[in-house]
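Grab a pencil and work through these exercises with the structure open beside you. Try each task before you read its solution.

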Amino acid sequence: QVQLVESGGGLVQAGGSLRLSCAASGSIVSINAMGWYRQAPGKQRELVARITSGGSTNYADSVKGRFTISRDNAKKVYLQMNSLKPEDTAVYYCNYGGSYGTTWKDNFWGQGTQVTVSS
């Protein structure tokens with residue numbers, strides 16, 4: 001099992017910045033990926049950004065150039081969010097996936113942190 005604890009959400013005005021953090025514990029493996037997803041009311045959960053243990057990143061088109069995902073070890077990941085827009089308002093979830101033998105397991109989620117951007 002893997003446990004994920006997020007922090008850093010809050011209320012910010014449009015154009016402002018927030019930094020989300022996610023700390024993983026438990027059965028962490030060296031080959032893994034951590035990411036941030038978000039879910040706004042009435043919408044499906046969507047990928048925001050993802051980073052692999054090798055350092056590869058990918059971003060949703062809507063956040064490219066504004067958000068940056070980073071990690072400082074295999075267990076902690078950050079999402080720096082700049083130039084925030086009201087449409088970024090959502091609950092942000094941290095996700096972990098890892099290679100366990102021949103199986104990729106990625107159904108580990110944090111509890112979510114609310115990000116609200118006022119106009």
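## Rings, charges and one glutamine

Tyr96 and Phe108 are both buried. Keep in mind that you are looking at a predicted model.

**Exercise 1.** Work out how the rings of Tyr96 and Phe108 are arranged, and where the two residues sit.

*Solution.* Start with the general idea: a pair of aromatic rings is described by the distance of the centres and the angle of the planes. For Tyr96 and Phe108, the centres are 6.0 Å apart and the planes are at 55°. Angles over 60 degrees count as edge-to-face and those under 30 as stacked, so this pair is tilted. Next, find the places: Tyr96 belongs to strand E9 (residues 90–100) and Phe108 to strand E10, twelve residues apart, and the pair links distant parts of the chain.

**Exercise 2.** Classify the ring pair Tyr37 and Trp109, then say which parts of the chain the pair ties together.

*Solution.* First, the count of aromatic pairs is two. In the pair of Tyr37 and Trp109, the ring centres are 5.0 Å apart and the planes meet at 70°, so we call it edge-to-face. Now look up the strands: Tyr37 is in E4 (residues 32–39), while Trp109 is in E10 (residues 103–109). The pair therefore ties together parts that are 72 residues apart in sequence. Finally, check the surface: Trp109 has a relative accessible area of 35%, so it's partly exposed.

**Exercise 3.** Which charged residues lie over the faces of Tyr78 and Tyr100?

*Solution.* Take the rings one at a time. Over the face of Tyr78 you'll find Arg19, at 4.0 Å from the ring centre. Over the face of Tyr100 lies Lys105, at 5.3 Å from the ring centre.

**Exercise 4.** Trace the salt bridges of Asp88, and decide whether Asp88 is buried or exposed.

*Solution.* Here's the background: side chains of opposite charge can pair when their charged atoms come close. The whole structure has four salt bridges.

- Step one: the side chains of Arg38 and Asp88 form a salt bridge, at 3.0 Å from N to O. Arg38 sits in strand E4 and Asp88 in the loop between strands E8 (76–81) and E9, 50 residues apart.
- Step two: Arg66 also has a salt bridge with Asp88, with 2.8 Å between the closest N and O atoms. Arg66 lies in the loop between strand E6 (57–59) and strand E7 (67–73), so this pair ties together parts 22 residues apart in sequence.
- Step three: salt bridges with shared partners join Arg38, Glu46, Arg66 and Asp88 into one network.
- Step four: Asp88 has a relative accessibility of 1%, so it counts as buried. Arg38 is buried as well, at 7%, and so is Arg66, at 11%.

For contrast, try Lys64 and Asp61, whose side chains meet in a salt bridge at 3.1 Å, N to O. Asp61 has 63% relative accessibility, so it counts as exposed.

**Exercise 5.** Describe the surroundings of Gln114.

*Solution.* Begin with the address: Gln114 is in strand E11 (residues 113–118). With a relative accessible area of 39%, it's partly exposed. Then list its contacts: leaving out residues up to four places away in sequence, Gln114 touches Gly9, Gly10, Thr89, Ala90 and Val91. Now zoom in on polar atoms. A polar atom of the Gln114 side chain lies 3.4 Å from the backbone oxygen of Ala90. The side chains of Gln114 and Thr116 make a polar contact at 3.3 Å.

Technical notes. Residues are numbered from 1 along each chain as its sequence is written. This is a predicted model: local features need pLDDT of at least 70, side-chain atom pairs count only at pLDDT 80 or more; totals for chains, interfaces and linings use all residues. Side-chain values use heavy atoms; hydrogens and water are left out. Rings of Phe, Tyr and Trp (its six-membered ring) pair if their centres lie within 6.5 Å; planes under 30 degrees apart count as stacked, over 60 as edge-to-face and the rest as tilted. Helices (H or I, at least four residues) and strands (E, at least two) are DSSP runs, numbered from the N terminus. Buried means under 20% relative accessible area, exposed over 50%, partly exposed in between (1.4 Å probe, protein chains only). A charge sits over a ring if NZ of Lys or CZ of Arg is within 6 Å of the ring centre and within 35 degrees of the ring normal. Contact means heavy atoms within 4.5 Å. A polar contact is a pair of N or O atoms within 3.5 Å; within protein, one must be able to donate a hydrogen and the other to accept it, and residues adjacent in sequence count only if both atoms are side-chain atoms.
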